[in-house]
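Reader: I'd like a close look at one buried spot in this model, and then a walk outwards from there. Keep it informal, but please don't skip the numbers.

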Amino acid sequence: MNITKDLCDYLAGLTADRLDQDLLEDIRYKTLDWLGCVTGALDKKSSRAVLEMARESGGNPQCSAFGVPEKTSMFTAAFSNGVLGHTLEYDDVNKIAITHPGAIAVPAALAAAEYCGADFEQYALGVTAGYEVMIRLGAALNPSHYDYWHTTGTCGAFAAAAAAGTVMGFDGEKLSRALGIAGTMASGLVCVFGTDAKLVNVGNAVSNGLKAAVLAGKGFTVPGDVIEREGGYAQAVSQTRNFKYLCPQDGDELRIRDSYYKIHAACGHTHSALDALQKIKKAQDFAWDQVESVSVHAYKKAVELTGTFCCDTELKAKFSMPYCIAAMLVYGEAGLMQFTEEVRNDPRIHGLKHRIKVEEDLSYTEEYPILRIERLSVTLKDGRKWEEEVELPEGKPPREYIRAKFLSLAGLTIDRDRAARIMEQVLSLTMESPMNRLGDGLRGELNGG
């Protein structure tokens, strides 16, 4: 059985009747959420460097790189938008696949739609296909893949190829070629986490997936089973391959329904503990300076990636569970404002760092990544103690929350009127809406209206 071909035939068979009104609305909100992350990141140092590179690169005016006034080449736009969408660590996630599917599927489908002159219906199918491949492949390769490989960067190249190929109207055979080409381009290391290089993983995935789709459309040849073949991608990057996740079955729900919006502006491995602390704070009345100690028991990967207090940079603070907990104790939340330089230097936070301990619970490790169990206990100086355990972090907020999140993020770089116009443009998309018009409108709003 050719697993890659079967998956691609399934993707090629996706039609608009699989997208009910609730899912179409969610795709609009996923697009809005991603745009909020892009807009909020426009003034970051790493973003300015990428946007400067995009302006210098120029190229055939095909697509919108948000933050660049004029259209640029599709691949430049894809790289730039991919980087910016992941910069804030606030983009959506899938727990089992250990990945950020929207960071890939949305900019890949958007660039392909601008390139082809596609409408929202075809864009929505592309986004759906991107989520499908990202989540299925990430689930098949993990958890061992994530020991070294950044799933959003690696599986993201396949997902971007699927998203772009679907927008371009590929049949199963062309999609299979696109995924095969992506397989020799897919990369991204976990060891770069906490630095700007993590963002390159995402930008490369979006750009390389689009290149793979374009080359497939021009007839490039490749083995048709790059993922599962002997010596293929799965064997090269995973010790725990489970191909059942790659094989669609009759009655399967679309995987896009199994993705979660981020509530906290930090690495997802901190979120169960932060949700637990929020529950305690909501139920109990205490101040940060009453805290004697905080203990967190978590699965191994969370401890490895986030178990140490660190706040030298914004990115390192977002990958530090003790820092995030201390910030929430002092400020009541772990939103973007809690990672500014001023807050990171707050002596109250530093006064708490030795009171917060994170350690592994072997039973939780055994449940990962199906569950992200973390147990947090708070002990006060007067002896009072509370404990909460969270199996999976919150990730399905009301749509009012997503709108508020967008306006909050966009408000970091543009005025509220422009932000409101962007939100209206996205949420009012109909099946026939041309995505070129959306790209032009958004580019205009993000460059001064």
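Where is the place of Asp33? And what does Asp33 touch, not counting residues up to four places away in sequence?

Author: Sure. One thing up front: this is a predicted model, so read every value below as computed from that prediction.

Asp33 has its place in helix 2, which covers residues 21-40. With a relative accessible area of 5%, Asp33 is buried, because buried here means under 20%. What does an acid side chain do in there? The side chain of Asp33 joins that of Lys405 in a polar contact of 3.1 Å. Not counting residues up to four places away in sequence, Asp33 touches Lys405 along with Tyr90, Asp92, Tyr261 and Ile402.

Now let's move on to the nonpolar packing. The largest nonpolar core has 105 residues, and the members that touch the most others are Leu11, Phe120, Tyr123, Phe158 and Phe406. Helix 6 (residues 120-141) gives this core its largest share, 13 residues. Take Tyr123: leaving aside neighbours within four places in sequence, Tyr123 is in contact with Ile27, Thr31, Val106, Ala109, Leu110, Ala113, Val167 and Met435. Apart from this core lies another, of 55 residues, with Cys267, Leu305, Phe319 and Leu376 among them. As background, nonpolar side chains in soluble globular proteins tend to be buried together.

The rings are worth a look too. Searching the whole structure turns up 9 aromatic pairs. In one of them, the ring centres of Phe158 and Tyr233 are 5.0 Å apart with the planes at 65°, so this pair is edge-to-face. Phe158 sits in helix 7 (residues 151-167) and Tyr233 in helix 10 (residues 233-237), so the pair ties together parts that are 75 residues apart in sequence. Phe158 and Tyr233 are both buried. For Tyr323 and Phe339, the ring centres are 5.7 Å apart and the planes at 45°, so that pair is tilted. Tyr323 belongs to helix 14 (residues 321-331), whereas Phe339 is in the loop between helix 14 and helix 15 (341-344), and the two are 16 residues apart. Tyr323 and Phe339 are buried as well. There is also a cluster, in which ring pairs link Tyr146, Phe193 and Phe319. Phe319 is one of the residues in that 55-residue core.

Two lysines lie over ring faces. Lys211 is over the face of Phe75, 5.8 Å from the ring centre, and Lys281 is over the face of Phe286, at 5.4 Å.

Since Tyr323 brought us to helix 14, let's stay there for a moment. Of the 11 residues in helix 14, 10 are buried, so the rest of the structure largely encloses this helix. The buried ones include Met321, Pro322, Cys324, Ile325 and Leu329. At the start of helix 14, a side-chain oxygen of Ser320 reaches to within 3.2 Å of the backbone nitrogen of Tyr323. After helix 14 comes Gly332, with a positive phi near 85°.

Another glycine with a positive phi turns up in a hairpin. Strand 3 (residues 374-380) and strand 4 (residues 385-390) pair in the antiparallel sense over 6 bridges. Thr379 has Lys385 in strand 4 as its bridge partner. The hairpin has 4 residues between the strands, and Gly383 takes a positive phi near 95°.

Last stop: the loop between helix 3 (45-57) and helix 4 (74-86), where Gly58 is found. Gly58 counts as partly exposed, at 23% relative accessibility. From Gly58 to Gly36 is 22 residues in sequence and 25 Å in space, C-alpha to C-alpha. Leaving aside neighbours within four places in sequence, Gly58 is in contact with Thr72, Ser73 and Thr76. Thr72 has its place in the loop between helix 3 and helix 4, and Thr72 is buried, with a relative accessible area of 2%. The side chain of Thr72 reaches the backbone oxygen of Gly58 at 2.6 Å. Not counting residues up to four places away in sequence, Thr72 also touches a list of residues including Ala54, Gly59, Asn60, Pro61 and Ala77.

Conventions. Residues are numbered from 1 along each chain as its sequence is written. This is a predicted model: local features need pLDDT of at least 70, side-chain atom pairs count only at pLDDT 80 or more; totals for chains, interfaces and linings use all residues. Side-chain values use heavy atoms; hydrogens and water are left out. Rings of Phe, Tyr and Trp (its six-membered ring) pair if their centres lie within 6.5 Å; planes under 30 degrees apart count as stacked, over 60 as edge-to-face and the rest as tilted. Buried means under 20% relative accessible area, exposed over 50%, partly exposed in between (1.4 Å probe, protein chains only). A charge sits over a ring if NZ of Lys or CZ of Arg is within 6 Å of the ring centre and within 35 degrees of the ring normal. Two strands pair if DSSP finds at least two bridges between them. A nonpolar core is a set of buried Ala, Val, Leu, Ile, Met, Phe, Trp, Tyr and Cys residues joined through side-chain atoms within 4.5 Å. Contact means heavy atoms within 4.5 Å. A polar contact is a pair of N or O atoms within 3.5 Å; within protein, one must be able to donate a hydrogen and the other to accept it, and residues adjacent in sequence count only if both atoms are side-chain atoms.
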